[in-house]
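Colleague: Could you take me through the charge pairs, the cavities and the packing of this protein?

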Amino acid sequence: MTWRNTPYSSVEGEQGEVVSGEKSFGVVLRGLRQRGRLTMEELAEASGVSVRAIGDMERGRSRVPQRRTVVALAEGLGLADAEREALLAAARAARPTRAVAVAGTVVPPRSVGDFTGREPELALLREAAERARAGGEVSVWVVSGPPGCGKTTLALKAAADLAEEFPDGLFVVDLHGVDDPVDTGEALLKLLKALGVSDRRLAQEDAGGRAGLLRALLREHRCLVVLDNARDEGQVRALLPAGGRSLVLVTSRRPLTGLEDVDRLALSEMTQDEAVDLLRRILGEERADAEAEAVAQVAELCGRLPLALRVAGNWLTVRSGWTVDHLVRRLADEERRLGALAAGDVRVEAAFELSYRQLTGQAARMLRLLSLVPGPDMTAAYGAALTATGVFEAEDVMEELVEAGLLQATFTGRYQLHDLLRLFARARLSREEEPGEQEAADDRLRTWLLETAVVAGRWYKPKYGAPPSSWQGLVPLESAEQARAWLQSEAPAWLAALRSAAHRGEHTQVVETTYAMEWFCDLWVHWGHWPEAFRLAGEAATALDDPYMQAFHLNMYSWALSCESRYREAIERAHEALDCARRAQDASQQASALAQAAWAQAELGEVQEAADKSLASICLYEEADDREGWLGAMFTYGSSLRMLGRAEESLIQHKRIITFLDAPGCPVSGHLADIYRANTTRALGRGYAVLRRWREAADHYRDAVVQSNRIGIPHIESSTLLHLGEALIELGEAEEARSCLRQALAFGDAADSKDLKTAQKLLDSLSAE
């Protein structure tokens with residue numbers, strides 16, 4: 001047999017078939033989980049295996065687990081003995097599987113000569129070449145990712161770099177997976193011919209024999225084979241080696257999770273720096289640097305997708321009279337952006353269209369509807385809300401989109417839709433869905449987001465707590481911790497839904513949503529959007545002509561403004577709230593208005609006015625028998641006394657709060673009591689510090705750090721660590737002070753910026769000693 005010892009051979013074929021394989025461990029696990037009606041989060045809690053690990057196993061992106069992990073999964077699933085053994089058998093049959101998912105960046109030039117970036121990925125493939133050269137280990141890599149992310153370019157770049165490592169030949173097979181798939185048998189035949197196998201020998205073998213012959217050749221010799229643009233597992237399974245010293249790179253829009261004994265490399269868009277670097281190389285440094293800001297905008301508008309960047313760069317190269325800013329203006333129009341990203345016969349939209357046409361009807365509709373999701377990413381519950389289906393059904397359909405390369409699955413179990421794919425899906429939505437159905441889906445999503453936000457927020461409101469047994473949601477909200485996690489992770493989406501509801505005049509829904517956030521917001525003070533949320537609610541309450549709700553939301557708006565140090569505005573809103581509360585004849589809201597104004601005035605140095613207002617607020621809260629508000633007013637009054645130089649009286653007031661919270665049958669409990677206790681303990685420390693009783697101050701600060709850490713209030717914890725550091729410096733305990741200050745700085749953006757500056761200044765002074 002004669003070998004073609006050429007450095008590069010291109011092999012092409014024609015129409016192909018799909019060959020199905022046995023179920024992988026991930027498929028078996030997922031089927032058992034769904035049969036048990038368990039989410040990944042619920043299985044993780046029951047088994048002790050992380051959500052990320054379960055997701056990776058189900059998608060074939062990680063190693064098959066060790067036996068003890070499989071046993072833990074079986075126990076979490078509540079499997080009978082026979083099912084447990086079947087799961088263990090599936091794991092044994094799947095080993096050894098090496099699945100590696102590497103997030104990174106790629107560049108899609110049609111020639112390898114101007115390849116940019118992708119160093120971590122190329123390094124992985126160089127390591128694969130080293131292992132292949134050692135022999136005996138299967139070296140197959142599946143390079144997958146969405147349309148236009150540069151899979152082929154990366155594979156060809158790696159092949160060119162590694163060609164010398166494989167002296168028996170480099171061969172590229174274009175399988176045409178998304179348009180006119182090459183028949184597996186034809187690809188096998190032509191690849192064998194390229195490898196030098198004679199026609200006579202080929203005629204003696206059937207399809208199985210030819211596949212065995214290819215495996216033998218790749219095992220015995222050192223070749224590098226690129227199987228480009230694979231449609232599915234069946235198209236490439238017969239083309240893969242079972243061992244030896246060859247390296248095979250498979251590119252596909254799908255991750256080909258049904259393949260075993262392969263490594264995987266998942267590609268995505270580029271980083272901003274790499275996207276800009278590619279544009280600079282296409283345009284020339286002088287032209288690009290002259291409009292650096294516009295070049296950066298082009299990179300963002302292209303979603304940092306390599307194909308889109310290449311098209312945009314080519315536009316500017318051909319139209320040398322255009323400024324980069326002119327292209328920015330063209331791309332800024334979302335409705336025209338995809339159409340603008342076309343150069344000659346290269347169209348970004350066409351790359352998406354090829355994958356879109358292969359979807360089932362359910363998946364195509366899901367993709368269209370997902371373009372309505374307002375946040376940067378989503379869970380399967382969003383798909384369920386949009387399509388009015390169950391979460392498991394939606395998850396199945398969304399996984400089809402993942403397999404098609406049109407939706408990205410993250411390590412955290414969430415899904416992401418690339419910006420340009422979102423525009424593509426939105427265009428298809430307008431074209432293929434009836435306006436009434438599009439509006440209905442949008443209504444379902446907005447209603448679900450806001451109703452879930454209300455239920456989650458009420459976990460923290462007195463007299464509400466856990467949702468009623470009749471409530472059936474798409475996400476588990478069985479604890480305050482789950483509620484808090486949902487409110488924070490889904491904040492971009494439910495805030496967008498709140499804005500939409502306000503714009504549409506759904507005033508009752510807006511008022512109800514923000515009313516539920518009354519006490520939750522204390523746990524997430526520095527979110528940054530509370531002023532907008534409570535302003536919208538105040539406007540909605542005005543439209544409803546509800547003076548009580550006007551007062552309530554104006555008071556919350558005042559609180560939010562004070563949190564952002566906008567104290568004069570906060571006082572104005574508090575005065576408006578007082579007028580509304582008087583019209584509503586509600587003593588609690590009148591007291592709240594006085595308390596909010598007092599807090600803002602104390603921060604402005606108007607301490608006597610703050611003390612007077614907070615004392616009046618205390619009386620009104622007592623009249624209304626509102627103990628939650630009373631505690632806040634007591635706290636502000638005690639803090640005002642300290643700022644007036646009456647530290648001893650301040651300590652008395654704050655000790656009254658602790659005594660009240662410690663009393664049997666205290667009417668304030670749960671997280672509200674925890675928050676007041678943490679804040680008041682810190683205030684006691686500050687009172688002792690004013691009196692220079694540093695040991696007592698430090699002891700209270702330590703207690704407050706523990707308390708605020710337990711309930712998860714980072715801005716309070718960081719501030720308390722700063723004060724503890726100050727007290728320790730006064731006590732001459734510099735080493736512990738340094739530790740406290742470093743911990744305070746570690747909170748970063750979650751801490752108050754003024755506290756961070758003070759902590760850094762103190763740490764620098766300690767270092768200089």
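The turns below treat salt bridges, a histidine, a cavity and the nonpolar cores of what is a predicted model.

Colleague: How many salt bridges does the count come to?

Modeller: Side chains of opposite charge can pair when their charged atoms come close. A pair is counted when a side-chain nitrogen of Lys or Arg lies within 4 Å of a carboxyl oxygen of Asp or Glu. By this rule the count is 44 salt bridges.

Colleague: Is arginine 118, the salt-bridge partner of glutamate 121, buried or exposed?

Modeller: The closest N and O atoms of arginine 118 and glutamate 121 are 2.2 Å apart. Glutamate 121 has a relative accessible area of 1%, so it is buried. Buried means under 20%. Arginine 118 has a relative accessibility of 0%, and therefore counts as buried.

Colleague: Aspartate 377 forms a salt bridge with arginine 414; how many residues apart are the two?

Modeller: In this salt bridge the closest N and O atoms are 3.1 Å apart. The pair links distant parts of the chain, with aspartate 377 in strand β9 and arginine 414 in the loop between β10 and β11, and the separation is 37 residues.

Colleague: What relative accessible area does arginine 414 have?

Modeller: Its partner, aspartate 377, has a relative accessible area of 18% and is buried. Arginine 414 is buried too, and its relative accessible area is 13%.

Colleague: Which helix holds both aspartate 442 and arginine 446?

Modeller: Aspartate 442 and arginine 446 form a salt bridge, with the closest N and O atoms 3.9 Å apart. Aspartate 442 is partly exposed at 26% relative accessible area, whereas arginine 446 is buried at 6%. The two are four residues apart, which means about one helical turn separates them, in helix α23.

Colleague: Which residues are joined into one network by salt bridges that share partners?

Modeller: Here the link is made through shared partners. The residues in this network are Arg365, Arg368, Arg428, Glu432, Glu433, Glu437 and Arg444.

Colleague: Which residues does histidine 723 touch, not counting those up to four places away in sequence?

Modeller: Histidine 723 lies in helix α36, residues 714-730. With a relative accessible area of 11%, histidine 723 is buried. The residues it touches, on that count, are Arg682, Arg686 and Tyr701.

Colleague: How many charged residues are in the lining of the second largest cavity?

Modeller: The structure holds two cavities of 30 Å³ or more, and the second largest has a volume of about 70 Å³. Its lining includes Gly177, Asn229, Arg231, Arg253, Arg254 and Gln358. By class, the lining has three nonpolar residues and five polar ones, and the number of charged residues is three.

Colleague: Which helix gives the largest share of the largest nonpolar core?

Modeller: In soluble globular proteins, nonpolar side chains tend to be buried together. The largest nonpolar core has 166 residues, and those with the most contacts inside it are Leu247, Leu370, Trp486, Trp494 and Trp530. The largest share of this core is ten residues, and they come from helix α28.

Colleague: How many residues are in the other core that lies apart from it?

Modeller: This other core has among its members Leu175, Cys223, Val236 and Val262. Its number of residues is 32.

Colleague: Which tryptophans is tryptophan 494 in contact with, leaving aside its neighbours within four places in sequence?

Modeller: Tryptophan 494 is one of the residues with the most contacts inside the largest nonpolar core. Its contacts include Leu449, Leu450, Ala453, Leu487 and Met517. The tryptophans in contact with it are Trp486, Trp527 and Trp530.

Terms used
Residues numbered from 1 in each chain as written. Predicted model: local features only at pLDDT ≥ 70, side-chain atom pairs only at ≥ 80, totals over all residues. Heavy atoms only, no water. Buried < 20%, exposed > 50% of the residue type's maximum accessible area, 1.4 Å probe, protein only. Contact = heavy atoms within 4.5 Å. 1 Å grid on protein atoms, 1.4 Å probe; cavity = no way out; pocket = protein on both sides within 12 Å on 5 of 7 lines; lining within 4 Å. Points joined across faces, edges and corners; volume = space filled by probe spheres on them. Nonpolar A, V, L, I, M, F, W, Y, C, P; charged D, E, K, R; others polar. Core = buried A, V, L, I, M, F, W, Y, C linked by side-chain atoms within 4.5 Å.
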